[in-house]
Structure formats: C-alpha cells, structure tokens
Amino acid sequence: MLKINVRGENIEVTGSIREYVEKKLTKLEKYFEDTSSSTAHVNLKVYSDKNCKVEVTIPLPYLVLRAEETSPDMYASIDLVTDKLERQIRKHKTKLNRKSREKGFKTFEFVPTADPEEAAAEDKKFEIVRTKSVSLKPMDAEEAILQMDMLGHDFFIYEDAETSGIDIVYRRRDGRYGLIEASDEE
C-alpha cells in the first residue's frame with residue numbers, strides 16, 4: 001500500500017481533501033507490483049489570487065514520478081496531477097516493455113572527498129549543502145532524456161546499457177541535449 005503524506009501551504013488539509021487525494025493516488029498502485037515501501041509526497045498550495053497548486057512526488061526504486069498542476073479548483077488540480085502521473089507511468093512502462101532488461105542494477109553514491117567543514121572554511125562558495133544518493137539503472141540515452149524531462153531536471157546520470165559506463169545527459173541552453181560519457185582513461 002502506497003503511503004501518502006499530504007501537506008498544505010496557506011490551506012488547512014481537511015479530512016475530505018486528504019481522502020480525495022488518497023482515493024486518487026491509490027488508483028496508481030495497479031501499475032506497480034509493490035509500493036509498500038513508497039511514500040507519495042503531496043504538497044497543496046493556495047496563492048493570494050485563489051489559484052491552487054498541487055505537487056506530487058513519488059520516489060520509487062529506479063524511478064521518481066513527479067507532477068504539478070495549478071488551477072482555480074483544488075479538486076481539479078488533484079485530478080489533473082493524477083492524470084499526468086498516470087500518463088508518465090504508462091509511458092515509462094511501455095518503454096520498459098519494449099526493451100529487455102537483463103542486466104542488474106548498480107548504486108552510485110556521491111561522497112565529497114573533503115570534510116564539508118574544512119571545505120567551508122577554505123572557500124564558502126564551494127560549500128556542499130546537500131548530498132544525494134541515486135540508484136543507477138541501465139538504460140540508453142533516449143530513456144535517460146525521458147527520465148530527465150519527467151523529473152523536470154536539467155541533467156540525468158545513468159548507467160549506459162551497452163557499455164555499462166556511467167553517463168550524463170543534460171539540456172543545453174539552446175534546448176537541445178548533450179551527453180557526457182565517463183571513461184577510465186586518463
């Protein structure tokens with residue numbers, strides 16, 4: 001069962017809103033085999049112009065689903081976000097079904113080499129304020145770009161399915177995409 005964490009900004013999250021969000025998001029469980037360890041983070045915001053924004057982030061193993069919608073009606077925004085997430089899931093599942101996944105998964109963790117306190121003392125502009133761990137999934141550049149766009153990020157790190165190397169795709173200023181291939185050669 002998907003755990004759902006609903007938070008409100010400038011709005012009190014009533015029981016009926018919470019129930020509606022849970023009802024809509026639990027319908028997404030049919031697309032996954034096991035969501036018992038997953039938590040959907042739902043953020044509801046109401047702005048001074050009476051528009052309501054709904055943001056939903058669902059971190060799953062090897063995939064992060066994220067969508068947001070703004071409209072004058074909170075319930076309509078919840079419906080739109082759920083539809084958007086469902087489209088993302090179907091698009092991702094279709095892509096996965098099209099390609100065979102015979103390789104295992106690797107985990108990549110960024111660990112700063114210097115102690116953060118020492119680095120801050122040397123030069124404040126290089127201070128590391130957050131560290132993230134990501135699980136790398138074998139895929140091709142096209143799928144990595146799809147993932148990057150679904151997350152709304154400007155770059156995405158992944159394991160290349162053909163070479164087993166660590167690669168990064170990124171969005172260039174001109175709107176096209178770039179690829180960085182890591183190599184062991186010096």
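## Close-up views of a predicted model

**View 1. A network of salt bridges links Lys45, Lys53, Glu55, Arg66 and Glu68.** In this predicted model, local features require pLDDT of at least 70 and side-chain atom pairs count only at pLDDT 80 or more, whereas totals for chains, interfaces and linings use all residues. Residues are numbered from 1 along each chain as its sequence is written, and side-chain values use heavy atoms, with hydrogens and water left out. A salt bridge is defined here as a side-chain nitrogen of Lys or Arg within 4 Å of a carboxyl oxygen of Asp or Glu. Within the network, the side chains of Arg66 and Glu68 form a salt bridge with an N to O distance of 3.0 Å. Arg66 has a relative accessibility of 28% and counts as partly exposed; Glu68, at 29%, is also partly exposed. These classes follow relative accessible area: buried is under 20%, exposed is over 50%, and partly exposed lies in between (1.4 Å probe, protein chains only). The search of the whole structure yields 14 salt bridges.

**View 2. A salt bridge joins the side chains of Lys30 and Glu86 at 3.9 Å, N to O.** The pair connects distant parts of the chain, 56 residues apart: Lys30 belongs to the loop between helix H1 (15–26) and strand E2 (39–46), and Glu86 to helix H2 (residues 74–98). Helices (H or I, at least four residues) and strands (E, at least two) are DSSP runs numbered from the N terminus. Lys30 counts as exposed because its relative accessibility is 62%. Glu86, by contrast, counts as buried because its relative accessibility is 19%. Side chains of opposite charge can pair when their charged atoms come close.

**View 3. Arg171 and Asp149 meet through their side chains in a salt bridge of 2.3 Å, N to O.** Arg171 lies in strand E9 and Asp149 in helix H4 (residues 141–151), so the salt bridge ties together parts that are 22 residues apart in sequence. Both ends are partly exposed: Arg171 has a relative accessible area of 29%, and Asp149 has a relative accessibility of 35%. Arg171 also stands opposite Tyr177 in E10.

**View 4. Strands E9 (residues 166–171) and E10 (residues 177–181) run antiparallel and are joined by 5 bridges.** Two strands are taken to pair if DSSP finds at least two bridges between them. Val169 has Leu179 in E10 as its bridge partner. The hairpin of E9 and E10 has 5 residues between the strands, and Gly175 there adopts a positive phi near 90°. Both strands belong to an open sheet of 4 strands with mixed pairing, in the order E7-E8-E9-E10. Its edge strands, E7 (138–139) and E10, each pair on one side only.

**View 5. The largest nonpolar core contains 27 residues, and Leu25, Val42, Ile58 and Leu85 have the most contacts inside it.** A nonpolar core is a set of buried Ala, Val, Leu, Ile, Met, Phe, Trp, Tyr and Cys residues joined through side-chain atoms within 4.5 Å. Two or more residues come from each of strand E1 (3–9), H1, E2, strand E3 (52–60), strand E4 (63–71) and H2. A second, separate core has 8 residues, including Met139, Ile145, Phe156 and Val169. Setting aside residues up to four places away in sequence, Val42 touches Ile4, Asn5, Val6, Arg7, Val21, Leu25, Val54, Glu55 and Val56; contact means heavy atoms within 4.5 Å. In soluble globular proteins, nonpolar side chains tend to be buried together.

**View 6. Asp79 is placed in helix H2.** With a relative accessibility of 24%, Asp79 counts as partly exposed. Beyond its neighbours within four places in sequence, Asp79 is in contact with Tyr20 and Lys24. The C-alpha atoms of Asp79 and Val54 are separated by 9.6 Å, the two residues being 25 residues apart along the chain.

**View 7. Asn10 takes a positive phi near 65°, and Lys50 a positive phi of about 70°.** Asn10 is a residue other than glycine and lies in the loop between E1 and H1. A relative accessible area of 70% makes Asn10 exposed. Lys50, likewise not a glycine, lies in the loop between E2 and E3. At a relative accessibility of 61%, Lys50 counts as exposed.
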